[in-house]
Amino acid sequence: MFSRITSFALNGLEGVPVEVETDINKGMVSYDLVGLPDAAVKESKERVRSAIKNSALDFPINKVTINLAPADLKKEGSHFDLPLAISILKASGQILADTDGIVILGELALDGSLRPVSGILPILISARDKGFKKFIVPAGNANEAGYIEGITVYAPSDLKQAVAVIAGESSSPVVPKTFASARGRQSYGYDMSLVKGQKVAKRAVEIAVAGGHNILLAGPPGTGKTLLARCIPTIMPDLTFDEALEVTKIHSVAGELSEDGIVSLRPFRTPHHTATTVSLCGGGSVKIRPGEISKAHKGVLFMDELPEYSRSALESLRQPLEDKVITVTRAGGAITFPADFILCASMNPCPCGNYGSAYLQCTCTPAQIHRYRNRVSGPLLDRIDLQVEVDGVMYDDLVSEDAEEPSATVKERIEKAREIQRERFKEDGISVNAEMGEKHIKKYCRLTRESEDVLKSAFESLRLSARARSRIIKVARTIADLDYSAEISPAHILEAVSYRGGAV
Amino acid sequence: MYTEEEINLIMLSLSGGSGRGVSVPDLQKASDNLIKTHRHGVYNKVKRADALKMLEEKGIECVTRLSPAYPEALANIDSPPAVLYCKGDTGLLKSDCFSVVGSRRTLPKALAACAKIAGELSKVFTVVSGLADGADTSALEGALGAGGKVISVLASGFDYIYPQCNRQLFESVATHGLAVSEYPPDTPPRPYYFPVRNRIIAGLSKGVLVVSAGEKSGALITADYSAEYGRDVYAFPYSAGIASGKGCNALIKKGAYLTENILDIFEGLGLDFNTPAEKTLNLNENESAVLEIIRSEGEAFLPAVAQKLGKPHYEIIPAVTALQIKKLIINLGGNRYSAV
């Protein structure tokens, strides 16, 4: 007897259809699995055998040959267990119903129950786009699957139920979910009002988010740099449903989805400074997985103690910061992951951390400070538009009862500034000031004679590098947007100059 | 261009003999004798020619104690160097010199004051200093920036510029002023060369200004030499408890001139200083208000200034930056500012 079941393999963020073909013949008892299965798929044999037996079904005592087509594509992951089992059951005549057009995914436990698997969302979206309408996924993936419109998803909790679904005996599909309800359930747990004092840094963060600029916070240890960074997602505009699906795809492939099944909040990722280049950018020997910068897509990548990261890890950020995507190339092929994030980095002003402190004496020599700061390369710093100093917090600020502005208020201002930018860049294919290239700067950031003079005197007096110019103008444009000003005034330029970095 | 005796001295210096502290008549009479005691190689005529060629190729001019270009002030100290290796304008050795020294770890505010006062001094004097980070760098940059003349005395040969990050500064000193060392070009720096070098800084100068010094700073050694040689010592005052100012305050206790600005130095030397007419600063309302507060507090925290003015802090950021551009205030780090 012969059967054919449809399943999907994952290639980056794209699903690729895979036919599971089973042929049962008379002959020596054997079980052959062909079609480039990886270790996890090969091992499925034992899981499938036990699951079938423990579900009170029969595992055929014949010559079983299974082929995964197309034969030249590597099949990875444990989600082939269920299609394999169904295919065997169908080939051995234990399932008689039609299985055409049903996409089956899921990992089996030895007792026949179904375990959730990673990558369901991107597979379902690809499959829907290819015209598939009916799906069987593990119950644990029901939430994730519920957000996709235009398909029918069944989420059995074990093999027996899956068989029943195919037979049409039990048929209550997953109830579609709404994005709004997920958003209501999730919260950041941080708020700008928790950050006491730090007025200068808060303002800089607001500008950074408004214009999509990357930001570097420099300051002594223990002054709230990390807390401030954690508040950045709370003042970013809410994710739209399409953005959320994009982010969820990446997190689904990485196997990091929460119960809710969708990411409705902007991600905040903090890779440790021992992180390798591959863990940041993505990669892997067989299956190419997204790295931290892709998991931070549409959110914030926070790199604490920037100079402590390895040089190669830091340099690898340069291209994605520019292109907003990362292309990971391996012998098996190249995969492009999105990586559109705001980089927030923090560092101490010097190795001992006390440089510029009002209370503590710095014990570093100028040469040490120079060396410490030089660990971050110029080209990377060029991509960080705002570089600000954080205050050594004053005791008065910590105990003051003055109400600090909540995130919601800041977010309102940012949304208005973003609206202005969207309007401006309608025809340019970009959405925020930070993405402006030289030609956009020429077009949208004309300086008045007065502003040009101020910028010129700043360059001469403060010995700024020529590379700082476009950074300063872009930031000044954002400050003007926050001010609802069509023109970049000298005050906007001067404020932008104050965030140029290298001041200490 | 060098006399036979001078060449003898140079050879002696190149082969490792210092010739320090030997009197001039002795040097002249015994130049042959001196060579005999250091016989390896220095007799050889070919080697002599090679050595002189090497110095010329490196652009090094030697001023020996037998040369008329040798500064008298330096010749009068206890152990004057026998040979000064020079790069730049050797005529500056005979000009009126004033040294400005300090430690590597100097407060940003003191660095700014140091650069300013060095610039003013350079209108009258050649400013003498070392080449270290911190105060030395500020003094040299301040004087060069004001278009003045400088001498930098190194504690190593010219093949080894220390610290490396000041190579560019060294080049501009050699171009616009004079770099001096008593060590042959191939001498790497050694920790014990620095205090010895300080006697040259002190010996060249009419007086010394110590802008910062910890308890054991090398700047104090320069000050001690100056006092020993009968030169005036000036020092910046510091408030109690600042580590980089302890040495300065100790000097003042011992009788150094307390120096707040250029007028204190000129008064001490009995010179007139023509205060340049205060430039019209062209400040707007916001800028003058901010400047006034920072000046009255000495050191001010940006949000605190804003609070005093009753404005959101980001409205005074442009004023603060403008004042920095006009060089009226400096950034101390951590969003604190100080008037210059």
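This briefing covers the nonpolar core, the contact between the chains and the domains of chain A. The model is predicted: local features need pLDDT of at least 70, side-chain atom pairs count only at pLDDT 80 or more, and totals for chains, interfaces and linings use all residues. Residues are numbered from 1 along each chain as its sequence is written, and chains are lettered from A in the order in which they are written.

**Nonpolar core**
- The largest nonpolar core (buried Ala, Val, Leu, Ile, Met, Phe, Trp, Tyr and Cys residues joined through C-beta atoms within 7 Å; buried means 20 or more other C-beta atoms within 10 Å of a residue's own, C-beta atoms being placed from the backbone) has 228 residues.
- Ala85(A), Cys114(B) and Val210(B) have the most contacts inside this core.
- Domain 1 (2-166) and domain 2 (192-414) of chain A both give residues to this core, so it lies between them; domain bounds come from an automatic or database domain assignment.

**Contact between the chains**
- The contact (C-beta atoms, placed from the backbone, within 7 Å) takes 28 residues from chain A and 25 residues from chain B.
- Helix 15 of chain B (helices are DSSP runs of H or I, at least four residues, numbered from the N terminus) gives the most to the side of chain B that touches chain A, with 9 residues.

**Domains of chain A**
- The C-alpha centres of domain 1 and domain 2 of chain A lie 40 Å apart.
- In chain A, 15 residues of domain 1 are in contact with 17 residues of domain 2.
- Helix 4 of chain A supplies the largest share of the side of domain 1 that touches domain 2, 3 residues.

Methods. Buried ≥ 20, exposed ≤ 12 C-beta atoms within 10 Å, placed from the backbone. Contact = placed C-beta atoms within 7 Å. Helix = DSSP H or I, 4+ residues; strand = E, 2+ residues; numbered from the N terminus.
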